[in-house]
Amino acid sequence: MIEILPIFTHSPLRNFSYIVYSNRTGEAYVIDPFDAKSILIHTKQLGVKIKGILNTHEHGDHTQGNLELKEETKAIIYGHTNAKDKIPGLDQILKEGDIVFSAEEESLVAWDTPGHTFSHLSFVRKNPKTILGIFSGDSLFNAGVGNCFRGGDPNALYDTIQSRFETLPDTCLLYPGHDYWDNNLKFSCHIDPENEFRNSYKTSLKPFQVSEIGAEKKLNPFFRRNTDSVKHRLTELEESFSDERSVFLTLRRLRDQW
C-alpha cells in the first residue's frame with residue numbers, strides 16, 4: 001500500500017511537502033518539495049529512494065527544492081503541460097488520468113484542476129473501490145480554497161471545486177499545499193457565523209490536522225455556499241448574488257480582502 005509522510009516546512013507561507021512511498025518496493029515520490037535537505041533526511045530515515053518529484057503547480061514555494069533533489073537523487077520531475085517553461089528542471093508532462101505511482105492495489109493519479117493557476121494538478125490516491133486521499137496543492141485548503149490572482153481565474157476554480165472536489169467521497173483525506181487552518185477558520189466564523197459544526201470541530205482541532213472531505217463539506221464556506229447561513233450573512237454585508245457561482249465568486253473576493 002501507499003504510505004504518506006506530510007512535512008510541515010515552518011516557512012512563512014506555511015507550506016506542506018509530502019513524501020508518498022511504498023515500504024514494499026522502497027520507491028518514493030515527493031510532492032511540492034520546499035526544502036530538499038529536510039526531505040532527504042526523511043527519506044533516509046524511511047529507507048526509501050526518491051524516483052520522482054511531483055509539482056502541483058509552478059509557484060516557487062512549491063518547486064524550490066526541485067533542482068537540489070534532482071541533483072542528489074536523479075529523480076524525474078513531473079508537472080503540468082502549461083508549466084513547461086516555469087517549473088525548474090521539468091522532465092515529463094503529466095496529463096489528466098496519468099498514473100504516477102502504484103503499489104499493490106493502490107495508485108496515485110493526476111487530475112487537471114485549474115483555477116489557482118491554469119497549470120495546476122492534483123493527485124488522488126485511490127484503490128479499485130474508492131479515492132482514499134487527494135493532494136490538492138493550492139486548489140483546496142482546510143476550510144478554504146486557493147486565491148486566483150497569480151495566474152488563475154475564480155470562475156475556473158469554481159468549476160474545479162464543483163466538478164472534482166465536491167464529488168470526492170466523504171472519507172477522502174485532504175492533503176493541501178499549506179496549513180491555513182487559522183485564518184480560514186476566522187474567515188469562516190465571519191462569513192458563516194451560524195455553523196454549529198465548525199464551532200464543535202474547532203474545540204478538537206489538532207495542529208496540522210488532516211481533515212476528511214466529509215468534514216470540509218460541513219466546514220468550508222466555499223462548499224457551504226448554498227446554505228441559508230452563508231447567504232444570510234452576505235445579505236447582511238450588502239453583497240449581491242444570484243446563484244451558487246456568484247456566491248462562490250463573492251466569497252473568493254471577500255477572502256482576498258480578509
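Colleague: Why is the pairing of E166 with R225 called a salt bridge?

Modeller: In this predicted model, the closest N and O atoms of E166 and R225 are 2.6 Å apart. The rule asks for a side-chain nitrogen of Lys or Arg within 4 Å of a carboxyl oxygen of Asp or Glu, so the pair qualifies. The bridge links distant parts of the chain: E166 lies in the loop between α4 (154-163) and β13, and R225 in the loop between α7 and α8 (228-236), 59 residues apart.

Colleague: What makes R225 buried or exposed?

Modeller: R225 has 2% relative accessibility. The limit for buried is under 20%, and R225 is therefore classed as buried. Its partner E166, at 25%, counts as partly exposed, because that class covers the range between 20% and 50%.

Colleague: How do you know that R14 and D179 form a salt bridge?

Modeller: Their side chains meet at 2.7 Å, N to O, and the cut-off is 4 Å, so the criterion is met. R14 sits in the loop between β1 (3-8) and β2 (16-21), whereas D179 sits in the loop between β13 (173-176) and α5 (181-191); the two are 165 residues apart. D179, at 6% relative accessible area, is buried, while R14, at 34%, counts as partly exposed. By this rule the count comes to 16 salt bridges.

Colleague: What separates R252 from D256 along helix α9?

Modeller: R252 and D256 are four residues apart in helix α9, which means a separation of about one helical turn. Their closest N and O atoms are 2.8 Å apart, and the two residues form a salt bridge. At 6% relative accessibility R252 counts as buried, and at 38% D256 counts as partly exposed. Elsewhere, salt bridges that share partners join E166, R225 and E244 into one network.

Colleague: Why is P207 called exposed?

Modeller: The relative accessible area of P207 is 68%, and exposed requires over 50%, so the label applies. P207 is found in the loop between α6 (196-203) and α7 (213-219). P207 and R14 are 193 residues apart in sequence and 12 Å apart in space, C-alpha to C-alpha.

Colleague: Is H116 buried or exposed, and what makes it so?

Modeller: H116 has 4% relative accessibility, and the limit for buried is under 20%, so H116 counts as buried. H116 is found in the loop between β8 (106-112) and β9 (121-126). Not counting residues up to four places away in sequence, H116 touches several residues, among them H57, H59, D138 and N147. For N147, the backbone oxygen lies 2.7 Å from a polar atom of the side chain of H116.

Colleague: What is the volume of the largest pocket, and which residues are the closest to its centre?

Modeller: The volume of the largest pocket is about 310 Å³. Of the 17 residues that line this pocket, F141, N147, F149, Y180 and R252 are the closest to its centre. Helix α9 (residues 244-256) supplies the largest share of the lining, three residues.

Colleague: How is the lining of the largest pocket divided by class?

Modeller: The lining has five nonpolar, six polar and six charged residues. Among the residues closest to the centre, F141, F149 and Y180 count as nonpolar, because Phe and Tyr belong to that class, and R252 counts as charged, because Arg belongs to the charged class.

Note on methods:
Residues numbered from 1 in each chain as written. Predicted model: local features only at pLDDT ≥ 70, side-chain atom pairs only at ≥ 80, totals over all residues. Heavy atoms only, no water. 1 Å grid on protein atoms, 1.4 Å probe; cavity = no way out; pocket = protein on both sides within 12 Å on 5 of 7 lines; lining within 4 Å. Points joined across faces, edges and corners; volume = space filled by probe spheres on them. Buried < 20%, exposed > 50% of the residue type's maximum accessible area, 1.4 Å probe, protein only. Polar contact = N/O pair within 3.5 Å; in protein donor to acceptor, adjacent residues only side chain to side chain. Contact = heavy atoms within 4.5 Å.
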